[in-house]
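Grab the model and work through these backbone exercises. Each one comes with a solution in short steps.

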Amino acid sequence: MRRWPNKAENLLYLEYDIQQNKPGLLGAVTTLIGMLGLNILTVAGIEQKRRGLLLETHSEEKVKALHEALNAVEAIKLTAFRQPTLLDRIALRHGKRLDMAEINPPTYRFVREELGVLVDFLGDTLLEGGNHVIGIRGMPRIGKTEAAIAACVYANKRWILLSSTIIRQALRTELLLDESVNSIFLIDGITSTTRGNDAHWSLIEKTLKMPTLKIIEHPDIFIRDGRLKVNFDFIIEIRHHEEDVIRLDDIAMSFTAFDMS
């Protein structure tokens, strides 16, 4: 996989909708960019009628000239002209925009066949680091833990399972000395709320205050428990099919007996 350039301040993400699909349109756009001396790093089709380009820039005047010129082209409509974001990188890599279902907190929808896109998105988020709490919502056996661990591997981060159902219903009550540094903490919201004792919840409260990333499966049930207040930075939803409904009561009932996540 191609490495992303290190100097983000010299990068420009350009995206446009095709208004008139004329022959040679992409060639005309790239020729204009080349005449201005801007280096094209990546070109990708996004969905059916969009194009995304990653440019390397060293002149603010040339960037302004490009913006004015492209706004004057009737065959296209600019939809992005900015330093690239994580979502822009995913769009370039996979040729699609992530489906945001809600804004507060931001909620992104995936189907199981898109786990590769999800792992890239979550993995790049882990690479950026920070003190964030991420929720993963979905029915049992949909791939929540699988995606979270794969993203940690992608980001070369160590993951710590505070509660899980990967092999057995596991509940941690303490951390080893080196586990509190540069680790990603994974919490199964149902296992913790239904099985966790005071020592387990004390550990969760401690880790939520740590300046590192936390991933909580079944965030709605975790919040509904009410023992700890959590503000999620964003939520990921995973379904088998787009039309599937995530039913909280069905999820909770499935945990009355041993179940794989």
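**Exercise 1.** Find the loop where Glu47 is found, then check its phi and its exposure.

*Solution.* Start with the location: Glu47 is found in the loop between strand 2 (39-46) and strand 3 (50-56). Strands here are DSSP runs of E with at least two residues, helices are runs of H or I with at least four, and both are numbered from the N terminus. Next, the backbone: Glu47 isn't a glycine, yet its phi is positive, about 55°. Last, the surface: Glu47 is partly exposed at 45% relative accessible area (buried is under 20%, exposed over 50%, partly exposed in between; 1.4 Å probe, protein chains only).

A word on the ground rules: this is a predicted model, local features need pLDDT of at least 70, side-chain atom pairs count only at pLDDT 80 or more, and totals for chains, interfaces and linings use all residues. Residues are numbered from 1 along each chain as its sequence is written, and side-chain values use heavy atoms, with hydrogens and water left out.

**Exercise 2.** Is His218 buried or exposed?

*Solution.* First locate His218, in the loop between strand 12 (214-217) and helix 8 (219-225). Its phi is also positive for a non-glycine residue, near 55°. Now the area: His218 has a relative accessible area of 3%, so it's buried.

**Exercise 3.** Which peptide bond is cis?

*Solution.* Go to the loop between strand 5 (99-102) and strand 6 (107-111), where Pro105 lies. Then read omega: from Asn104 to Pro105 it is near -10°, a cis bond. For background, most peptide bonds are trans.
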